[in-house]
Amino acid sequence: MKKVELAPDRYWYPRPAVLFGVNINGKANFMAVGGGGVTNAVPPMIGIPVRHDRYSFKGVRQNMTFSIATPSVDMVKELDYCGIASGADVDKVKICGFEVFYGHLKTAPMIEQCPVNLECRVVKALDLGSHDFVIGQVEGAYASEDCLTDGKPDVEKIRPMIYDIDFNRYLAFGDVIAQAYKVGLEFRERE
Ligand SMILES: Cc1cc2nc3c(=O)[nH]c(=O)nc-3n(C[C@H](O)[C@H](O)[C@H](O)COP(=O)(O)O)c2cc1C
């Protein structure tokens, strides 16, 4: 296929669409994030790009903790609103009707209505230019009972969202297409 060269940018798929939670002056605030991901396995770590001028960044500095709450597709309005409005101006928890709970860290607010929540302790914040890449160790993980299969979070039940930054839209996850570490074994015959 003929390739068209594009200006270098962050063409990376799929992007998550999750909520980044912090406490600021003792009050919970959530902002939408559409980047980052898993950065380490043992111990488990998550990295999130946060612009330096975000109100939420204050919370990172104040407590060195944050949370990641994964909303289901039916929370798309709440997610989007948390990416439009600033906690500096409005109480997003109240407006979205979030029921906030805390875990071991006490300063990483999580959302009852989100099927999966992670509370993280900041281990590193790398200033990369426009953003700090905030890396947190997962200190607690909470999942809604009805989203588990054999005790594990099941993405088909969680129904998370994907953020499409180029067309400013949200997508639902697709179908299961194959079994990991299995479907590729067919190529062993070519070795
Ligand atoms: C889908 C979506 C994804 C976003 N991803 C990020 C991100 O990864 N990092 C970031 O700093 N801001 C991101 N934003 C912007 C913030 O969510 C937005 O500026 C928000 O209002 C900041 O909230 P705060 O002022 O309460 O901190 C995103 C916004 C949307 C709608």
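Student: Two strands pair if DSSP finds at least two bridges between them, so which residue stands opposite Arg15 in β13?

Tutor: Arg15 stands opposite Tyr163. Strands here are DSSP runs of E with at least two residues, helices are runs of H or I with at least four, and both are numbered from the N terminus. This is a predicted model, in which local features need pLDDT of at least 70 and side-chain atom pairs count only at pLDDT 80 or more, while totals for chains, interfaces and linings use all residues. Residues are numbered from 1 along each chain as its sequence is written, and side-chain values use heavy atoms, with hydrogens and water left out.

Student: How many bridges join β1 to β13, and what sheet are they in?

Tutor: There are 2 bridges between β1 and β13 (residues 161-164), and the two strands run antiparallel. They belong to an open sheet of 3 strands in the order β1-β13-β14, with antiparallel pairing. Its edge strands, β1 (15-16) and β14 (169-172), each pair on one side only.

Student: What joins β4 to β5?

Tutor: A hairpin does, through 4 residues. Strands β4 (residues 37-40) and β5 (residues 45-51) are antiparallel and share 3 bridges; Gly37 has Gly47 in β5 as its bridge partner.

Student: Is Ala41, in the loop between them, buried or exposed?

Tutor: Ala41 counts as exposed, because its relative accessibility is 62%. Buried means under 20% relative accessible area, exposed over 50%, and partly exposed in between, using a 1.4 Å probe and protein chains only.

Student: New topic: how many disulfides does the structure hold?

Tutor: It holds 0 disulfides. A disulfide is counted when two cysteine sulfur atoms lie within 2.5 Å.

Student: Why is there no bond between Cys114 and Cys82?

Tutor: The closest cysteine sulfur to that of Cys114 is in Cys82, and at 8.9 Å it is too far for a bond. Cys114 is buried, with a relative accessible area of 1%. Cys147 is in no disulfide either; the nearest cysteine sulfur, that of Cys114, is 10 Å away. Cys147 also counts as buried, at 7% relative accessibility.

Student: Where does Lys92 lie, and which side chain of opposite charge is nearest?

Tutor: Lys92 lies in helix α3 (residues 92-96). The nearest side chain of opposite charge is Asp89, 8.5 Å away, and the buried Lys92 has no salt bridge. Lys and Arg count as positive and Asp and Glu as negative, with His and the chain ends not counted. A salt bridge needs a side-chain nitrogen of Lys or Arg within 4 Å of a carboxyl oxygen of Asp or Glu.

Student: Which backbone oxygen does its side chain reach?

Tutor: The side chain of Lys92 reaches the backbone oxygen of Cys82, at 3.1 Å.

How values were computed: A polar contact is a pair of N or O atoms within 3.5 Å; within protein, one must be able to donate a hydrogen and the other to accept it, and residues adjacent in sequence count only if both atoms are side-chain atoms. Two strands pair if DSSP finds at least two bridges between them.
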